[in-house]
Amino acid sequence: MDEQLNNYKSAVEALLFVSEKPVLLEQLKEVFPELKPLQIVDLIKQLQEEYVNREAGMVIVEIAGGFQMLSNSHAAAYIREFYKTKTKEKLSKPALESLAIIAYKQPTGRAEVEVIRGVNSDGTIAHLLNKGLIKITGRKEVPGRPFLYGTTKEFLEYFGLKSLEDLPKIEEFNQLGVDVPKIEALQVDEAVAEAETRKVLQEEAATQESSGQSRAMNNVEVE
């Protein structure tokens with residue numbers, strides 16, 4: 001039986017190695033229906049301990065509800081030298097700021113993000129949506145019912161977090177390469193945010209009205 005378990009462990013190790021994303025326990029249960037979930041988790045823990053004990057070049061970490069094999073951080077400099085690149089593509093500073101605000105205040109709307117950042121955030125939020133780092137989680141119960149945003153599983157994967165509970169303190173967030181506003185800025189007065197929301201809605205309404213007038217003029221010209 002020990003030999004069979006070792007075979008299972010080797011198979012689990014191979015699956016983690018070939019997967020580009022965290023492998024969920026549910027996925028492993030489908031591959032190994034004869035094993036109990038606790039047995040699968042135990043095999044993964046054994047692999048984790050083995051890697052740590054021999055200071056391997058790989059580690060197995062729990063990320064976004066699954067398990068993923070990653071290169072050991074101790075080898076980062078050598079890997080960068082091998083690929084002749086310093087880092088993977090990074091988000092822009094505006095995108096990182098908006099993402100940090102959403103991560104800590106979620107669910108939150110565009111108006112709140114703009115109040116904190118002090119600039120229009122349409123483009124950055126659209127970019128974060130396209131990259132799958134944030135998602136629409138609902139609508140705010142105010143006139144116009146603007147969208148509310150929250151982070152996604154891809155966000156956890158991007159920053160190597162097990163869950164949102166693992167978000168560092170705001171003061172430590174820069175260690176992840178993210179520039180965030182001061183903590184005071186994240187504690188925006190709700191009245192201010194509501195006022196900004198009304199302003200945004202008014203601007204959107206004005207735009208729609210202007211667009212409607214333009215269409216009406218075009219119809220007149222055609223007629």
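Here are some worked exercises on the predicted model shown above.

## Exercise 1: The S1-S3-S2 sheet

Work out the strand order of the sheet that holds S3, and find its edge strands.

*Solution.*

Step 1. Start with S1 (residues 23–24), which pairs with S3 (residues 66–71) in the antiparallel sense over 2 bridges. Look for Leu-24 here: its bridge partner in S3 is Gly-66.

Step 2. Now turn to S2 (residues 58–63), which is joined to S3 by 6 bridges, again in the antiparallel sense. Two positions to pick out are Val-59, which stands opposite Leu-70, and Ile-60, whose bridge partner is Met-69.

Step 3. Put the pairs together: the 3 strands make an open sheet in the order S1-S3-S2, with antiparallel pairing. S1 and S2 are the edge strands, as each pairs on one side only.

Step 4. Add the helices. Helix H1 (residues 2–18) lies across S1, S2 and S3 and runs at about 70 degrees to S3. Helix H3 lies across S2 and S3, at about 140 degrees to S2.

## Exercise 2: Two residues with positive phi

Glu-55 has a positive phi although it is not a glycine, and so does Ala-64. Is each of them buried or exposed?

*Solution.*

Step 1. Place Glu-55: this residue sits in the loop between helix H3 (37–53) and S2, and its phi is about 50 degrees.

Step 2. Check the accessibility of Glu-55. The relative accessible area is 70%, so Glu-55 is exposed, the cut-off being over 50%.

Step 3. Place Ala-64: the loop between S2 and S3 holds this residue. The two strands form a hairpin with 2 residues between them, and Ala-64 in the turn has a phi of about 50 degrees.

Step 4. Check the accessibility of Ala-64. Its relative accessibility is 9%, so Ala-64 counts as buried, because buried means under 20%.

## Exercise 3: H5 against H7

Describe how helix H5 and helix H7 pack, and say which residues make the contact.

*Solution.*

Step 1. Two packed helices are described by the angle between their axes and the distance between the axes. For H5 (residues 93–105) and H7 (residues 122–130), the angle is about 75 degrees and the axes are 9 Å apart.

Step 2. Classify the angle: H5 is therefore roughly perpendicular to H7, since that class covers 65 to 115 degrees.

Step 3. List the contact. H5 contributes Pro-94, Ala-95, Ser-98 and Leu-99, while H7 contributes Thr-124, His-127 and Leu-128. Sorted by class, the contact has 4 nonpolar, 3 polar and no charged residues.

Step 4. Zoom in on Ser-98, which lies in helix H5. Its relative accessible area is 0%, so Ser-98 is buried. Not counting residues up to four places away in sequence, Ser-98 touches Val-113, Arg-117, Ser-121, Thr-124 and Leu-128.

## Exercise 4: The nonpolar cores

Which residues have the most contacts inside the largest nonpolar core, and which helix supplies its largest share?

*Solution.*

Step 1. In soluble globular proteins, nonpolar side chains tend to be buried together. Here the largest core has 21 residues, and those with the most contacts inside it are Leu-91, Leu-99, Leu-128, Ile-134, Phe-155 and Leu-161.

Step 2. Trace the helices: H5, helix H6 (110–117), H7 and helix H8 (153–159) each supply at least two residues of this core. The largest share, 6 residues, comes from H5.

Step 3. Look around Leu-91. Leaving aside neighbours within four places in sequence, Leu-91 is in contact with Leu-96, Leu-99, His-127, Leu-128, Lys-131, Leu-133 and Tyr-158.

Step 4. Do not stop at one core: apart from it lies another, of 16 residues, including Leu-16, Phe-32, Ala-56 and Phe-67.

## Exercise 5: From a cis bond to a second sheet

Find the cis peptide bond that involves Pro-107, then follow the chain into the sheet that contains S4.

*Solution.*

Step 1. The cis bond joins Gln-106 and Pro-107, with omega about -5 degrees. Pro-107 lies in the loop between H5 and strand S4 (108–109).

Step 2. S4 pairs with strand S6 (residues 147–151) in the antiparallel sense over 2 bridges, and Gly-109 stands opposite Leu-148 in S6.

Step 3. The open sheet has 3 strands in the order S4-S6-S5, with antiparallel pairing. Its edge strands are S4 and strand S5 (134–139), each pairing on one side only.

Step 4. Finish with H7, which lies across S5 and S6 and runs at about 110 degrees to S5.

Key: Residues are numbered from 1 along each chain as its sequence is written. This is a predicted model: local features need pLDDT of at least 70, side-chain atom pairs count only at pLDDT 80 or more; totals for chains, interfaces and linings use all residues. Side-chain values use heavy atoms; hydrogens and water are left out. Axes are lines fitted to C-alpha atoms, for helices over the stretch in contact, and angles run from 0 to 180 degrees between N-to-C directions. Helices (H or I, at least four residues) and strands (E, at least two) are DSSP runs, numbered from the N terminus. Angles under 35 degrees count as roughly parallel, over 145 as roughly antiparallel, 65 to 115 as roughly perpendicular and the rest as oblique. Contact means heavy atoms within 4.5 Å. Ala, Val, Leu, Ile, Met, Phe, Trp, Tyr, Cys and Pro count as nonpolar, Asp, Glu, Lys and Arg as charged, and the others, Gly among them, as polar. Two strands pair if DSSP finds at least two bridges between them. A nonpolar core is a set of buried Ala, Val, Leu, Ile, Met, Phe, Trp, Tyr and Cys residues joined through side-chain atoms within 4.5 Å. Buried means under 20% relative accessible area, exposed over 50%, partly exposed in between (1.4 Å probe, protein chains only).
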